[in-house]
Amino acid sequence: MRADSTLRQLGWVLVPLVMSPLLGASAADLRLTEAQLAKYDGTGADGLIYLAIEGKVFDVSAAPKFYGPGGAYHHFTGKDATRAWITECWEDADQLTWRLEGVEDVFAPVYLDEELEKVHTGQTANLHGTFKDVPDAMLKAMAAKAVERFGDISPVEKARRRKQDREAAQKKIREKIDHWTNFFESNDKYKVVGEVVHDKKKPAPPPICEAAQAKKPIEGGKVDDLAKDSGGIAYDKRPENPAVNNLRENIIAKDKERLKNAQHEEL
Ligand code: HEM
């Protein structure tokens, strides 16, 4: 009898002692390393699927159709791929990271006048895809004409553009991250389970993917000024000019793509 009640008393002491670390740490307090998080991609025996955005880990196991193996968004699971949530570059594993170096590039516009200036001065290595289908001689002639008309783009003007565009891009990056964080936080199917401790030694990712480069917004810069002055030399008028037509078609296609993405983001 005595032994029994002693055991029972001991039980009252032992059970909370053993259980407290488990009870005390609610699921929302989980702190995972990147390697631990990697296990939660829906392929484990537990079937758990986690994804992280800006360090915050969400349990998305309720939607295996989207996030489980074979799902359209499986690539986001088991990791913090904040970068790819912004850039939409998820073909390449290097891009599936929380590191954001160079992400501004997604939103920083390409300036047609600077591109034409590059063509004119022979720096054609990284020309924007808009010019891809324009025959070389025609592009050179167009660039020479344009640069002759709009003159130099001063370093001060270029620096002003870079600064303004970087600031606007940083705002857009913030909005995108908040958009997706809110999406997962406000969805009843999902819950926050904790955080992932980023491995700061991870190497910096490569620049944004080509698909993101191709979706960059296009600004006319001084080409727009010329267009205004002349009633439209650039992409609206001159339908008889195939080079300009190409430019226009590309711009329209990009706008359609952007519209589609914007609509999708309202999901
Ligand atoms: C052309 C491109 C895309 C198409 C056609 C597409 C299509 C879809 C469709 C059909 C759904 C399901 C809607 C529903 O039944 O509730 C969906 C959901 C979703 N999409 Fe996309 N999508 C595209 C691009 C993207 C991109 C770029 C991202 C992220 C960067 C994204 C993230 C998501 C997320 C998070 C969901 C919600 C899944 C959930 O309910 O948890 N999609 N998409």
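## A helix across a sheet

Helix α7, residues 155-186, lies across β2, β3 and β5, and runs at about 145° to β2. That is a good place to start looking around this model, which is a predicted one. The protein chain holds ten helices and six strands. Of its 267 residues, 24% count as buried. Among contacts between residues at least 6 apart in sequence, 68% join residues at least 24 apart.

**The sheet**

Let us begin with the strands under discussion. Four of them form an open sheet, in the order β1-β5-β3-β2, and the pairing is mixed. Which strands stand at the edges? They are β1 (30-33) and β2; each has a single partner strand, so one side of each is left without a neighbour in the sheet. From one strand to the next, the twist averages 40°.

Two of the pairings can be followed residue by residue. β2 and β3 pair in the antiparallel sense over four bridges, and β3 and β5 also pair in the antiparallel sense over four bridges. The table gives some residues that face each other across these strands.

| Residue | Opposite residue | Strand of the opposite residue |
|---|---|---|
| Y50 | D59 | β3 |
| I53 | K56 | β3 |
| F58 | V192 | β5 |

β2 and β3 also form a hairpin, with two residues between them. In its turn you will find E54, which has a positive phi of about 50°.

Now look along β2 itself. Y50 and A52 point one way from the strand, L51 and I53 point the other way, and all are buried. This fits a general pattern: in a regular strand the side chains alternate between the two faces of the sheet.

**The nonpolar cores**

Which residues touch the most other members of the largest nonpolar core? Of its 26 residues, they are Y50, L51, A52, V57, F58 and V60. The elements that give two or more residues to this core are β2 (50-53), β3 (56-59), α4 (82-87) and β5 (191-197). β2 gives the most, with four residues. Apart from this core lies another, of eleven residues, among them L116, V134, A143 and V223. As a general background, nonpolar side chains tend to be buried together in soluble globular proteins.

V60 is a handy residue to follow further. Leaving aside its neighbours within four places in sequence, V60 is in contact with I49, Y50, L51, Y67 and Y190.

Another residue to visit is Y40, in the loop between α2 (34-38) and β2. Is Y40 buried or exposed? Y40 is buried, because 24 other C-beta atoms lie within 10 Å, and 20 or more is the cut-off for a buried residue. Not counting residues up to four places away in sequence, Y40 touches L48, I49, Y50 and G78. Y40 and V60 are 20 residues apart in sequence, and 10.0 Å apart in space from C-alpha to C-alpha.

**Two helices to compare with your own eyes**

Helix α5 covers residues 112-120, and L112, D113, E115, L116, E117 and V119 are buried in it. One of these, L116, is among the members of the eleven-residue core. After α5 comes G122, whose phi is positive, near 80°.

Helix α6 covers residues 136-150. How far apart are its end C-alpha atoms? They are 21 Å apart, which agrees with the 21 Å that its 15 residues should span at 1.5 Å a residue. The buried residues in α6 are L139, M142, A143 and A146. Why do they sit on the same side of α6? They cover an arc of only 100° around the axis, which puts them on the same side. In general, an α-helix has 3.6 residues a turn, so residues three or four places apart point the same way. A143 from this buried set is also among the members of the eleven-residue core.

What about the face of α6 turned away from its buried side, and which exposed residues does that face carry? The answer is A137 and E148. α6 is followed by G151, whose phi is positive, near 75°.

Terms used: Residues are numbered from 1 along each chain as its sequence is written. This is a predicted model: local features need pLDDT of at least 70, side-chain atom pairs count only at pLDDT 80 or more; totals for chains, interfaces and linings use all residues. A nonpolar core is a set of buried Ala, Val, Leu, Ile, Met, Phe, Trp, Tyr and Cys residues joined through C-beta atoms within 7 Å. A residue is buried if 20 or more other C-beta atoms lie within 10 Å of its own, exposed if 12 or fewer, and partly exposed in between; C-beta atoms are placed from the backbone. Two residues are in contact if their C-beta atoms, placed from the backbone, lie within 7 Å. Two strands pair if DSSP finds at least two bridges between them. Axes are lines fitted to C-alpha atoms, for helices over the stretch in contact, and angles run from 0 to 180 degrees between N-to-C directions. The expected span of a helix is 1.5 Å times one less than its number of residues. The arc is that of the directions from the helix axis to the C-beta atoms.
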